[in-house]
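Work through the exercises below with the model open. Each task is followed by a solution in steps.

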Amino acid sequence: METQAWQVLDRAHYLHPFTDHAGLRQTGSRVATRGEGVYVWDTDGKRIIDGLSGLGCVNIGYGRKELVNAAAEQMLELSFCQSFFKTTHRAAVTLAEKLASMLPEGLNHVFFQSSGSEANETAMRTIRRYWDLAGQPQRRVVIARELAYHGSTHMAASLSGIPPMYTAGGDIPLPGIVHIKTPYQYRHGPEMNADEFGIVAAGWLEEKILEVGADKVAAFFAEPAQSAGGAICPPMTYWPEIQRICKKYDVLLVADEVVCGFGRTGQWFGADHYGITPDLMQLGKGITSGYLPLSACAMSDRVADMLIEKGGEWAHGFTYSGHPACCAVALENIRILEEERIVETAAAELVPYFRSKLETFVDHPLIGDVRSVGLMGGLEIVQNKKTRESFPYEAKIGEACSTEALKRGLAFRANGDTMSLMPPLVITRPEIDTMFGIAREALDATAVKYDV
Ligand code: PLP
């Protein structure tokens, strides 16, 4: 079928996530057809370099047959297996054991779901149950951060610190969730040096704990580096200080590693990069490189032992918890990442190059701030570089820049006014050059359009 025919059917029947459908009716959707390496193609034959790894998930790139074979073999052998009623299966057990061996110390127990949102739901139910069983049911409040994104279910949307999420339906934010400022130095502490700012920003957690009452706080919930909000990467002093504060007040530390996990920060997990040991850690996206939906909520011995020893039956679970094909694909994905040393090679050979390319945008008339950790980068667009003033929301400059990039063959996402880049970890240096070349053309065209 021609592009237009697909667009007609798309408009008539398919509701897309996070989409202004009235706007989509004007433009029509791009119809993607296939992917290979870091590229995707559409029905018009246009090749697009995927600067976003899909949605921060396609870490090993598109088109790896080994993952397809792993899924097919598992489906032929055992296509589905429930694990509710004293049944288990090899793929889930092997994956749980593998994750326990890779994760920071003590995270020895894993619960599986299909999406990052569900993993965060599991984490929230676990936290509340943990404190009930620990005889401190008054510990109900969970502290999260502004600008964060943790998913689209009621609880995950409430944890998110993006107010438009709250008007998207449902009485949210749900009670018992409060937010603190994120360690966004460009906006919240540009006059400080980075180390000093990290300590000050961590102090916002302690302030909130004292304001709420330390005996009422259940957990602190955050991404190690915040992909939402546009690659908000804390200084190295931030997380150790956060961990110290959590220990001081016996607040559980929960790391949403749905994006950071599996190499994005240049280490296997964001917790490794920032040197922390969370009590719970959620994984998704890169766990299967996006080939099949799977997420995990890993728990420390302290938390899991409480559930196991005191909890009895826990009324929590999903039909697709530990789906055999998804677990088999995750195992194959991890095997490839390990055997091809993809994370280590990206850290040594690509991360410094990616950073040096990002830094060339410091002088661009539209760019106020350049941020990155590993292969997660952000270029923040401002109207006035001196005052750091942003463009008015209605100007939708980030969206305009994304459109310019897509026209030229690059998926380059606007997170508010910050342009995000997080390519597959298998990108090559020439492909990085292509990606940044198009990003610059898109920003130049946007500057002309907005008369900068
Ligand atoms: N957590 C983070 C940090 C995310 O970026 C996302 C999605 O982008 C989620 C959770 C939700 O994951 P999912 O879309 O798989 O539900």
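The model is predicted, and residues are numbered from 1 along each chain.

**Exercise 1. Determine whether strand β12 is buried or exposed, and check each of its faces.**

Step 1. Strand β12 covers residues 376-381. The criterion for a buried residue is 20 or more other C-beta atoms within 10 Å of its own.

Step 2. By this criterion 6 of the 6 residues of β12 are buried, so the strand is largely enclosed by the rest of the structure.

Step 3. In a regular strand, side chains alternate between the two faces of the sheet. The residues of β12 can be split accordingly: M376, G378 and E380 lie on one side, and G377, L379 and I381 lie on the other. Both sets are buried, which leaves both faces of β12 covered.

**Exercise 2. Identify the strands that pair with β12 and give the sense of each pairing.**

Step 1. Strand β11 (residues 367-373) pairs with β12 in the antiparallel sense, over 6 bridges. Within this pair, V373 is opposite M376.

Step 2. The hairpin of β11 and β12 has 2 residues between the strands. There, G374 adopts a positive phi near 55°.

Step 3. Strand β15 (residues 418-421) also pairs with β12 in the antiparallel sense, over 4 bridges. Here G378 of β12 is opposite S420 of β15.

**Exercise 3. Describe the two domains and the side of domain 1 that touches domain 2.**

Step 1. The domain assignment places 31-63 + 341-449 in domain 1 and 66-339 in domain 2.

Step 2. Taken over C-alpha atoms, the domain centres are 26 Å apart. The contact involves 28 residues from domain 1 and 24 residues from domain 2.

Step 3. On the domain 1 side, the elements giving two or more residues are α3 (53-56), α14 (342-359), β11, β12 and β15. The strands of Exercise 2 are thus listed among these elements.

Step 4. Sorted by class, this side of domain 1 has 13 nonpolar, 12 polar and 3 charged residues.

**Exercise 4. Characterise the packing of helices α6 and α12.**

Step 1. Two packed helices are described by the angle between their axes and the distance between the axes.

Step 2. For α6 (residues 116-133) and α12 (residues 301-310), the axes come within 10 Å and cross at roughly 60°. The crossing is left-handed.

Step 3. Helix α6 makes the contact through T126, R129, Y130 and L133, and α12 through V303, M306, L307 and K310.

Step 4. By class, the contact of α6 with α12 has 5 nonpolar, 1 polar and 2 charged residues.

Methods: This is a predicted model: local features need pLDDT of at least 70, side-chain atom pairs count only at pLDDT 80 or more; totals for chains, interfaces and linings use all residues. A residue is buried if 20 or more other C-beta atoms lie within 10 Å of its own, exposed if 12 or fewer, and partly exposed in between; C-beta atoms are placed from the backbone. Two strands pair if DSSP finds at least two bridges between them. Domain bounds come from an automatic or database domain assignment. Two residues are in contact if their C-beta atoms, placed from the backbone, lie within 7 Å. Ala, Val, Leu, Ile, Met, Phe, Trp, Tyr, Cys and Pro count as nonpolar, Asp, Glu, Lys and Arg as charged, and the others, Gly among them, as polar. Axes are lines fitted to C-alpha atoms, for helices over the stretch in contact, and angles run from 0 to 180 degrees between N-to-C directions. A crossing is left-handed if the near helix is turned anticlockwise from the far one by less than a right angle, and right-handed if clockwise.
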